[in-house]
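Subject: Structure handover

Hello,

Here is the structure I promised to pass on. My notes follow below it.

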Amino acid sequence: MSVKEITAEHIEELEVLAAKYPVRRSALLPMLHYVQSVQGMVSPKGIQTCATVLDLTPAEVAAVATFYTMFKRFPMGKHHIGVCINTLCALLGGDDLWKELTETLGIGHDETTSDSMFTIERIECQAACTVAPVMTVNWEFMDSMDPAKLKELIEKLKTGAPVQSTRGTLITSISDSERLLAGFNDGKVNDSPDADDSMLAGLRVAKERNMTAPIGKGVR
Amino acid sequence: MTLTSDNKATNTQELITATIDGIQMQVPKGTLIIRAAEKMGTFVPRFCDHPSLAPVAACRMCLVEIEGMPKPQPSCAIPLTEGMVVKTQMTSKVAEDAQAGVMEFLLINHPLDCPVCDKGGECPLQNQAMTAGRTESRFEIEKRTFPKPLELSTEILLDRERCVECARCTRFSEEIAGDPFIELLERGAKQQVGIATDEPFNSYFSGNTVQICPVGALTSSAYRFRSRPFDLVSVKTTCEHCAAGCSLRTDYRRETVMRRLAWEDPEVNEDWNCDKGRFAFGYLKTNRLTQPKVRNLDGNQIDALWPDAVDIAAAGLANAQGKVAVLLGGRLTLEDAYAYSKFARVALGTNNIDFRNRDHSEEEQQFLGSAVAGNHNSVTYKELENAQNVILVSFEPEEESPIIFLRLRKAMQKGNLKVTAIAPYLSKGLEKLNAEVVATKPGEEGKVLSGIDIVENSIILIGERAAAIPGLLSVALEVSNKTQSKISWIPRRAGERGALEAGALPALLPGARPVADASARSEVAKVWGVSNSKIPSEPGLDHSQIIKAAINGELKALIIAGLDVLDAPDPKLFSEAINAVDFVITIGVQENSLTRYANVSLPVAPVTEKSGTFINWEGRPRPFGKAIGSTNALTDARVLSMIAESMDLDFGLQIIEDLRMELSELGIWNGSKLEKPQFESKEIVDFKNDNVILSTWHQLLDEGAMQVGEEHLAGTQKSSVAYLSEETAKQNNLTTGDLVTVLNTRGSITLPLEIIEMVNKVIWIPFNSKDSKVKQSLGAKEGDIMLIEKGKV
Ligand code: SF4
Ligand code: SF4
Ligand code: FES
Ligand code: FES
């Protein structure tokens with residue numbers, strides 16, 4: 001699959017990102033997300049480009065790009081699907097979700113379907129254990145999933161029918177999400193609530209009972 | 001016990017009291033535990049720690065117990081503090097167990113292939129696994145493996161399995177060399193050193209990482225699998241490749257040099273050296289001359305016995321008395337250059353001698369004679385390290401004197417130093433020095449130098465290229481006086497400063513004594529045991545004048561030693577000169593294009609096969625001993641003694657001790673010096689649109705004669721490109737990537753163009769790289785006016 005070229009316009013947008021920070025190299029992570037939104041991956045050329053814009057060596061950029069698993073060095077499909085495989089999700093059905101997903105798509109971790117529609121990944125705790133088991137589509141949450149919902153989700157994505165995150169946001173593509181992660185506002189920030197009632201239950205109880213975190217050893 | 005003078009300790013001598021293994025000691029505040037322990041004789045095992053690199057505590061091998069701390073701590077990263085009580089593995093079971101634990105982890109994925117590993121036998125991991133490890137591994141499952149080796153560059157190979165992720169190599173590349181082309185990639189169990197795709201580890205200092213890698217993970221293509229450390233004999237030597245004067249360790253086996261390493265010398269090269277000095281010794285085995293040759297009556301060169309060749313040489317010289325000149329290269333030892341200097345005067349009765357086989361001038365001779373030769377107060381590396389302001393003129397440190405580059409970089413990183421470069425553009429090397437460039441056309445350096453604000457007590461470093469720019473050296477001396485700033489001349493070749501001190505110049509005798517000074521002549525004549533009148537009182541001809549005189553038929557014989565015609569200021573004229581004289585003696589290590597013109601060709605010993613001294617740019621003597629003895633190759637001095645003997649002269653320089661004794665007998669000269677140069681600068685004439693000024697210098701790794709036979713090293717050369725400013729490129733209808741041809745009446749050079757930020761109306765091309773040989777193709781020098789055209793002409 002051919003990877004999209006980085007053009008002069010893209011470099012302009014990378015410059016915008018670099019200019020946001022007092023020290024330009026701080027922009028590297030957003031820039032890598034941006035490259036990923038353009039290319040569906042971080043290619044050697046993408047690494048080169050970031051290095052040139054930030055006046056780093058390609059090796060320095062590669063060190064960062066290879067450290068974070070969110071940056072892919074192979075072309076992703078249109079959608080990126082993650083299944084949380086950490087303890088809580090796993091126990092509450094995450095393992096079944098993963099099995100279902102791999103069997104449905106016929107691919108494994110960090111692999112892409114031959115039609116370039118899906119890339120799937122076993123992901124770590126998304127800090128959403130209250131609504132386990134959790135999946136993500138293009139890093140948007142799919143809370144409290146089960147295999148049936150998963151099947152339906154895949155069908156819809158395949159046919160291009162509109163899909164919303166269980167929290168509200170309309171799912172488009174990993175490319176759009178990466179652009180958002182890079183720091184370009186998509187105007188949809190209010191489409192998903194920050195947290196639902198189940199997530200706030202603990203806080204509510206604590207407030208009612210006037211509970212605070214213990215002060216003492218190890219707490220600053 | 002009080003420990004001071006630690007290299008990493010802070011400058012303040014504030015002392016604190018602490019205890020290690022029950023021994024109370026006072027150390028300067030800031031002293032790391034590992035260093036203090038070392039000084040009291042306790043070696044805490046370590047991998048990532050290196051005294052010249054900032055601490056990272058990456059490998060965890062150096063864990064010790066510190067009273068009051070819950071867990072063992074890395075002694076390489078923690079400074080002793082007042083009252084601290086530390087226990088190393090010598091007195092603490094906790095520390096001992098911690099170290100054994102770390103060692104066990106390190107060995108889990110280590111291949112333990114010591115029997116086929118270059119490092120086996122000199123490996124910190126091997127050694128420390130013995131002292132701080134367990135005898136049997138408890139790890140029974142499969143080890144992580146990687147395909148091996150990974151080629152980081154054509155010269156540096158990586159066996160990832162052996163790596164202990166200490167990050168010495170990556171830290172060196174970033175901190176010291178400023179070339180972060182290798183990095184720790186990936187994470188967790190997959191963490192590995194690597195390069196970015198298509199961006200090899202082409203750093204001029206890459207070889208140092210092989211030396212400091214504490215395991216056999218980094219190896220050099222040239223040495224890999226060639227030898228075992230315990231089969232090698234090591235000798236301390238001095239590098240012959242440039243005037244930095246690096247101390248090297250030459251390791252040889254069965255009379256063959258197998259590898260060279262940096263020999264730590266805190267005053268000069270510290271722990272490092274450059275890749276040229278480390279890897280370029282293949283020339284020792286390439287085109288070596290071993291047999292004297294003479295030209296017979298049919299005009300053919302035939303092998304000759306030493307006595308015959310020497311007699312023929314002596315007879316030829318006697319025939320040409322009064323019409324002889326001596327042309328030297330800049331690569332001779334002090335002793336050999338001295339022998340030529342003496343031979344020219346005593347045996348040939350001439351001052352026609354010059355070591356400058358490169359662009360030079362009378363102005364330069366005066367500069368060298370008045371301000372450089374015999375100067376015992378020259379700038380030192382230490383002074384550079386502590387300097388506040390350094391001004392670079394006609395000098396590109398990373399390419400032309402890499403250890404100066406490293407020292408300036410060190411000073412810059414300490415935050416003291418501001419480097420100002422009078423140069424056509426901000427090179428990558430200058431960028432790494434955080435230098436400010438005053439963008440200057442070649443030819444206008446003098447004007448710029450006298451125009452800029454220079455703080456008192458700055459240091460001016462002026463390169464040998466300055467000789468090509470009329471008036472520049474005169475101005476530089478003036479500016480140095482006016483601003484009370486020391487000035488130091490940085491030659492490129494290792495033998496230039498020594499040859500200068502030896503008096504291998506037409507107006508100078510040894511020790512900066514002017515030829516024209518009667519008492520100087522008589523001092524020297526006395527030591528040489530000849531009458532005063534033996535040394536001509538008139539200065540002789542310099543290199544270019546010798547060439548001209550030869551072409552005009554005014555000379556009959558030439559002695560040409562240690563030089564290659566391809567390096568000459570004008571190779572074409574040089575060849576004409578050789579053809580014009582009757583009798584040519586060449587003396588050298590390698591066969592080159594000159595040898596075949598010789599009536600007598602005499603082979604001499606390379607640096608490995610003799611002892612001698614190089615004087616580095618600081619004026620510091622760098623004596624070295626003979627590494628390989630079995631070849632019986634002779635020094636230049638010995639060969640000259642033989643010729644002198646055949647001329648019935650008592651020359652007396654048979655062995656190195658004779659030479660050194662005579663040099664010390666000559667002692668220091670306190671008399672007059674050559675006049676300070678007072679030459680006018682030349683105004684740059686108006687020129688047309690497609691005319692540009694040539695700027696050019698040697699790249700460290702290029703097609704130099706002493707880099708032959710080293711393909712791995714050659715693979716790390718920079719690619720040859722030409723630079724132009726945007727404006728000048730536009731005027732000539734050129735853009736980046738185009739081919740641009742630089743031409744003059746002599747010839748042309750065509751290179752791909754890169755547009756960079758630089759001074760207008762100047763083109764920069766490499767001096768002696770694969771597709772850019774300025775002397776051979778153009779016979780030109782920096783500052784010359786050239787024509788440029790688009791495409792290949
Ligand atoms: S290659 Fe050698 S120097 Fe580099 S991190 Fe690995 S062990 Fe350390
Ligand atoms: S810097 Fe100069 S003296 Fe030192 S190793 Fe390199 S070439 Fe040799
Ligand atoms: S374990 Fe899955 S979100 Fe926390
Ligand atoms: S030597 Fe101290 S952590 Fe590596």
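How many residues does the contact take from chain A, and how many from chain B? It takes 11 residues from chain A and 13 residues from chain B. Please keep in mind that this is a predicted model.

**The chain A side of the contact**

Two helices of chain A, helix 3 (44–54) and helix 4 (58–67), each supply at least two residues of the side that touches chain B. Helix 4 of chain A gives the largest share, eight residues. By class, this side of chain A has eight nonpolar, two polar and one charged residues.

**Strand 1 of chain A**

Strand 1 (residues 79–84) of chain A has six of its six residues buried, so it is largely enclosed by the rest of the structure. Both of its faces are covered. A:His79, A:Ile81 and A:Val83 are on one side, and A:His80, A:Gly82 and A:Cys84 are on the other.

Strand 1 of chain A pairs with two strands that I looked at. With strand 3 (residues 118–123) of chain A, the pairing is parallel, over six bridges. There, A:Gly82 has A:Glu121 as its bridge partner. With strand 4 (residues 135–137) of chain A, the pairing is antiparallel, over three bridges. A:Met135 in strand 4 of chain A stands opposite A:Val83.

**Domains of chain B**

Chain B is divided into domain 1 (15–108), domain 2 (293–355 + 497–603 + 635–666), domain 3 (375–492) and domain 4 (691–790). The C-alpha centres of domain 2 and domain 4 of chain B are 35 Å apart. Their contact takes eight residues from domain 2 of chain B and four residues from domain 4 of chain B. On the domain 2 side, the residues divide into three nonpolar, one polar and four charged.

**The two ligands**

Ligand 1 is surrounded by 13 residues. The closest are B:Cys163, B:Cys166, B:Cys169, B:Cys213 and B:Ala217. The shell has 11 nonpolar, no polar and two charged residues.

Ligand 2 is also surrounded by 13 residues. Here the closest are B:Cys239, B:His241, B:Cys242, B:Cys246 and B:Gly277. Helix 6 and helix 12 of chain B are the elements that give two or more residues to this shell. By class, the shell around ligand 2 has seven nonpolar, five polar and one charged residues.

**Helix 4 of chain B**

B:Cys169, one of the closest residues to ligand 1, is among the buried residues of helix 4 of chain B. That helix (residues 168–177) is mostly covered, with nine of its 10 residues buried. The others buried with B:Cys169 include B:Arg168, B:Phe172 and B:Ile176. What covers them includes strand 8 (183–185), strand 9 (192–194), helix 5 (207–212), strand 10 (218–220) and helix 12 (402–414) of chain B. B:Gly178 follows the helix, with a positive phi near 75°.

**A three-stranded sheet in chain B**

Three strands of chain B form an open, antiparallel sheet in the order 11-12-13. Strand 11 (233–238) and strand 13 (256–262) of chain B are the edges, each pairing on one side only. On average, neighbouring strands are turned by 30° against each other, direction ignored. Strand 11 of chain B pairs with strand 12 (residues 247–253) of chain B over six bridges. In this pair, B:Thr237 has B:Leu248 as its bridge partner.

**B:Pro292**

B:Pro292 lies in the loop between helix 6 (275–279) and strand 14 (293–295) of chain B. Is B:Pro292 buried or exposed? It is buried, because 23 other C-beta atoms lie within 10 Å and the cut-off for buried is 20 or more. Leaving out residues up to four places away in sequence, B:Pro292 touches B:Ala304, B:Trp306, B:Ala309, B:Ser601, B:Leu602 and B:Pro603. The C-alpha atoms of B:Pro292 and B:Leu305 are 6.6 Å apart, with the two positions 13 residues apart along the chain.

**Strand 30 of chain B**

Strand 30 (residues 691–697) of chain B has six of its seven residues buried, so it is largely enclosed by the rest of the structure. Strand 30 of chain B runs parallel to strand 34 (residues 762–766) of chain B, joined by five bridges. B:Trp697 has B:Pro766 as its bridge partner there. With strand 37 (residues 785–790) of chain B, strand 30 pairs in the antiparallel sense over three bridges. In that pair, B:Val692 is matched with B:Met786.

Best wishes

Conventions
Residues are numbered from 1 along each chain as its sequence is written. Chains are lettered from A and ligands numbered from 1 in the order in which they are written. This is a predicted model: local features need pLDDT of at least 70, side-chain atom pairs count only at pLDDT 80 or more; totals for chains, interfaces and linings use all residues. A residue is buried if 20 or more other C-beta atoms lie within 10 Å of its own, exposed if 12 or fewer, and partly exposed in between; C-beta atoms are placed from the backbone. Helices (H or I, at least four residues) and strands (E, at least two) are DSSP runs, numbered from the N terminus. Two residues are in contact if their C-beta atoms, placed from the backbone, lie within 7 Å. Domain bounds come from an automatic or database domain assignment. Ala, Val, Leu, Ile, Met, Phe, Trp, Tyr, Cys and Pro count as nonpolar, Asp, Glu, Lys and Arg as charged, and the others, Gly among them, as polar. Two strands pair if DSSP finds at least two bridges between them. Axes are lines fitted to C-alpha atoms, for helices over the stretch in contact, and angles run from 0 to 180 degrees between N-to-C directions. A residue is near a molecule or strand if its C-beta atom, placed from the backbone, lies within 6 Å of it.
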